[in-house]
Amino acid sequence: MTKKQRQEKILQIINEYEIDTQEGLTLKLKELGLDVTQATISRDIKEMHLTKIQGKVKKFKYAKLDFDSSKVNAKLTRLFKESVVSFIPVNNMILIKTLSGTASNVGFFIDNLGIEQILGSIAGDDTILVITKSNFDADFVIKKFKEIIANAE
């Protein structure tokens, strides 16, 4: 099976079932006869820009959002504003504390802002680590984040 076919199958699964973890998605694919690793699923999730949204049965589930949509962009901007608790600069890194369960979506938003000073980010449940090119860039990025929050609807 090609990567494209696997990713199409992932979209089919997340549209049909409330899958809330990489492990759950890996197991579902294995049930369907696809031998995949969690590392592969992790890369697919990142490449496909999947994010977690509120589920009906489970607290969260994976979904594919059209980030270019201004409606989704406005919602994610509001989520950023409402979820971020604090920014803590540490040299060329920024530790961002969020409300529990929102770091993944905030991380998705940050990754898609296109701020060139950001090299990458890692999100947990309520914490995001953003790595910038320099200490100066970390300060610049925090200022950008604060502008986004100040200008959010």
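1. A word on terms to begin with: helices (H or I, at least four residues) and strands (E, at least two) are DSSP runs, numbered from the N terminus. Thr-77 sits in helix 4 by that rule. Please keep in mind that this is a predicted model, where local features need pLDDT of at least 70, side-chain atom pairs count only at pLDDT 80 or more, and totals for chains, interfaces and linings use all residues. Residues are numbered from 1 along each chain as its sequence is written, and side-chain values use heavy atoms, with hydrogens and water left out.

2. Now the overall picture. The chain holds six helices and six strands, and from the N terminus on their order is α-α-α-β-β-α-β-β-α-β-β-α. Its C-alpha trace spans about 50 × 30 × 25 Å along the principal axes. A compact globule of 153 residues would have a radius of gyration near 15 Å, and the 16 Å of the chain agrees with that; this radius is taken over C-alpha atoms, and the globule rule is 2.2 Å times the number of residues to the power 0.38.

3. Of the 153 residues, 37% are buried (buried means under 20% relative accessible area, exposed over 50%, partly exposed in between, with a 1.4 Å probe and protein chains only). Contact means heavy atoms within 4.5 Å. Among contacts between residues at least 6 apart in sequence, 52% join residues at least 24 apart.

4. Helix 1 (residues 3-16) and helix 3 (residues 38-47) are worth a look together. They pack at an angle of about 80°, with their axes 11 Å apart; axes are lines fitted to C-alpha atoms, for helices over the stretch in contact, and angles run from 0 to 180 degrees between N-to-C directions. The two helices are therefore roughly perpendicular (65 to 115 degrees; under 35 is roughly parallel, over 145 roughly antiparallel and the rest oblique). Lys-3, Arg-6, Gln-7 and Ile-10 of helix 1 meet Thr-40, Ile-41, Asp-44 and Glu-47 of helix 3.

5. Helix 3 has a clear inside and outside. Its buried residues include Thr-40, Ile-41, Asp-44 and Ile-45. These cover an arc of only 135° around the axis, which puts them on the same side of helix 3; the arc is that of the directions from the helix axis to the C-beta atoms. They pack against helix 1, helix 2, strand 1 (50-54) and strand 2 (60-64). Exposed Arg-43 and Lys-46 are on the face turned away from the buried side. Just after helix 3, His-49 takes a positive phi of about 55°.

6. Helix 2 (residues 22-31) can be read in a similar way. Leu-25, Thr-26, Lys-28 and Leu-29 are buried there. Seen down the axis, the buried residues of helix 2 fall within an arc of 165°, so they line one face of the helix. Helix 1 and helix 3 are among what covers them, while Leu-27 and Glu-31 are exposed on the other side. Gly-33, just after helix 2, has a positive phi of about 90°.

7. Back to helix 4 (residues 70-83), which also contains Asn-73. Is Thr-77 buried or exposed? At 17% relative accessibility, Thr-77 counts as buried, and it touches Phe-109, Ile-148 and Ala-152, leaving aside residues up to four places away in sequence. Asn-73, at 32%, counts as partly exposed.
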